[in-house]
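Here's a quick briefing on the structure below. Have it open while you read, and look up each residue as it comes along.

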Amino acid sequence: AQMYMDTHQYAQALKHLNAITDLLVPDSRKLAQHIVRMVGLYMEMGNTDMAKKHLRDLLNHNDHVDKLAVIEQYKRICRMHDDWVDLLDILQDELCYYLNIPRDDFSLDAFICAENPDIPVGYAIHTLREYADVLYNKIGDIEGAARLYQLIAVVNPKDSYSFNMLCEML
């Protein structure tokens with residue numbers, strides 16, 4: 001596979017890497033590293049759908065991967081291709097990660113209830129702010145963005161950004 005990668009024959013390299021995938025132990029560090037390598041090749045080929053599929057699989061099914069690194073890579077792909085709906089989806093995963101809330105239980109109410117000293121609220125607020133920004137600037141969901149900015153202001157009254165965004169919306 002390396003020979004094909006060195007000569008930029010990515011489809012051939014992926015063919016060989018896919019064959020190796022079945023030989024690796026599921027949910028292992030080695031498999032995670034292998035999949036990350038494949039994601040890079042999919043990106044080189046411009047196949048973002050397959051790259052995102054493999055990243056999503058890593059996020060959901062492999063405990064031996066840096067979840068935040070996978071989320072950041074997925075977010076970069078979404079931004080590069082103006083895929084705002086998928087970006088909102090992965091931002092929900094990121095928020096759930098920070099708040100230690102199962103993805104299926106995600107809601108704004110869960111975010112409000114999750115405020116306690118053991119949770120890195122700063123990171124969660126940053127993610128929530130990014131979510132609201134995408135709603136407002138990319139999707140055009142002013143009402144949804146306003147609800148999130150208001151939520152941030154309730155959780156962190158010193159957050160001037162959210163206050164400024166709410167004033168801008170008036």
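**Salt bridges**

Searching the whole structure turns up 12 salt bridges. Keep in mind that this is a predicted model. Side chains of opposite charge can pair when their charged atoms come close. Here are some pairs to look up.

- Start with Lys 52 and Asp 86, whose side chains meet in a salt bridge at 2.6 Å, N to O. Lys 52 belongs to helix H4 (residues 48–61) and Asp 86 to helix H6 (residues 84–99), so this pair ties together parts that are 34 residues apart in sequence.
- Buried or exposed: which word fits Lys 52? Lys 52 is buried, with a relative accessible area of 7%. Its partner Asp 86 is partly exposed, at 22%.
- Next up, the side chains of Lys 75 and Glu 94 form a salt bridge of 2.8 Å, N to O. Lys 75 is in helix H5 (residues 67–80) and Glu 94 is in helix H6, so to speak 19 residues down the chain, and the pair links distant parts of the chain. Both Lys 75 and Glu 94 are buried.
- Arg 79 has a salt bridge too, with Glu 130, and the closest N and O atoms are 2.3 Å apart. Arg 79 is in helix H5 and Glu 130 is in helix H8 (residues 121–139), with their positions 51 residues apart in the chain.
- Arg 79 is partly exposed, with a relative accessible area of 33%, while Glu 130 counts as buried at 14%.
- Now put some of these together: Glu 72, Lys 75, Arg 79, Glu 94 and Glu 130 are linked in a network of salt bridges.

**A loop residue: Asp 83**

- Where is Asp 83 found? Look in the loop between H5 and H6.
- Asp 83 is partly exposed, and its relative accessible area is 21%. The cut-off for buried is under 20%, so a value of 21% doesn't qualify.
- Leaving out residues up to four places away in sequence, Asp 83 touches Lys 52 and Cys 78.
- From Asp 83 to Ser 160 you count 77 residues in sequence, and their C-alpha atoms are 28 Å apart in space.

**Aromatic rings**

- How many aromatic pairs does a search of the whole structure find? There are 3.
- In one of them, the rings of Tyr 98 and Tyr 123 have centres 5.4 Å apart and planes at 15 degrees, so the pair is stacked. Tyr 98 is in helix H6 and Tyr 123 in helix H8, so the pair ties together parts that are 25 residues apart in sequence.
- Tyr 98 counts as buried, at 14% relative accessibility, whereas Tyr 123 counts as exposed, at 53%.
- Another pair is Tyr 149 with Tyr 161, and this one is edge-to-face: 6.3 Å centre to centre, with 70 degrees between the planes. Tyr 149 sits in helix H9 and Tyr 161 in helix H10 (residues 160–169), 12 residues apart.
- Tyr 149 counts as buried, at 0% relative accessibility, but Tyr 161 counts as partly exposed, at 31%.
- Tyr 97, Tyr 98 and Tyr 123 form one aromatic cluster.
- A ring can also have a charge over it: the charged end of Arg 56 sits over the ring of Tyr 74, 5.3 Å from the ring's centre.

**Helix H9**

- Helix H9 (residues 142–155) has 14 residues. From its first C-alpha to its last it reaches 20 Å, close to the 20 Å expected at 1.5 Å a residue.
- Which residues of H9 are buried? The list includes Gly 144, Ala 145, Ala 146 and Leu 148, as well as Tyr 149, Leu 151, Ile 152 and Val 155.

**Cysteines**

- A disulfide is a covalent bond between the sulfur atoms of two cysteines. How many disulfides does the structure hold? The number is 0.
- Cys 78 is in no disulfide, and the nearest cysteine sulfur, that of Cys 96, is 16 Å away. A disulfide needs the two sulfurs within 2.5 Å, so that pair doesn't count as one.
- Cys 78 counts as buried, with 0% relative accessibility. Cys 167, on the other hand, is partly exposed, at 37%.

Key. Residues are numbered from 1 along each chain as its sequence is written. This is a predicted model: local features need pLDDT of at least 70, side-chain atom pairs count only at pLDDT 80 or more; totals for chains, interfaces and linings use all residues. Side-chain values use heavy atoms; hydrogens and water are left out. A salt bridge is a side-chain nitrogen of Lys or Arg within 4 Å of a carboxyl oxygen of Asp or Glu. Helices (H or I, at least four residues) and strands (E, at least two) are DSSP runs, numbered from the N terminus. Buried means under 20% relative accessible area, exposed over 50%, partly exposed in between (1.4 Å probe, protein chains only). The expected span of a helix is 1.5 Å times one less than its number of residues. Contact means heavy atoms within 4.5 Å. Rings of Phe, Tyr and Trp (its six-membered ring) pair if their centres lie within 6.5 Å; planes under 30 degrees apart count as stacked, over 60 as edge-to-face and the rest as tilted. A charge sits over a ring if NZ of Lys or CZ of Arg is within 6 Å of the ring centre and within 35 degrees of the ring normal.
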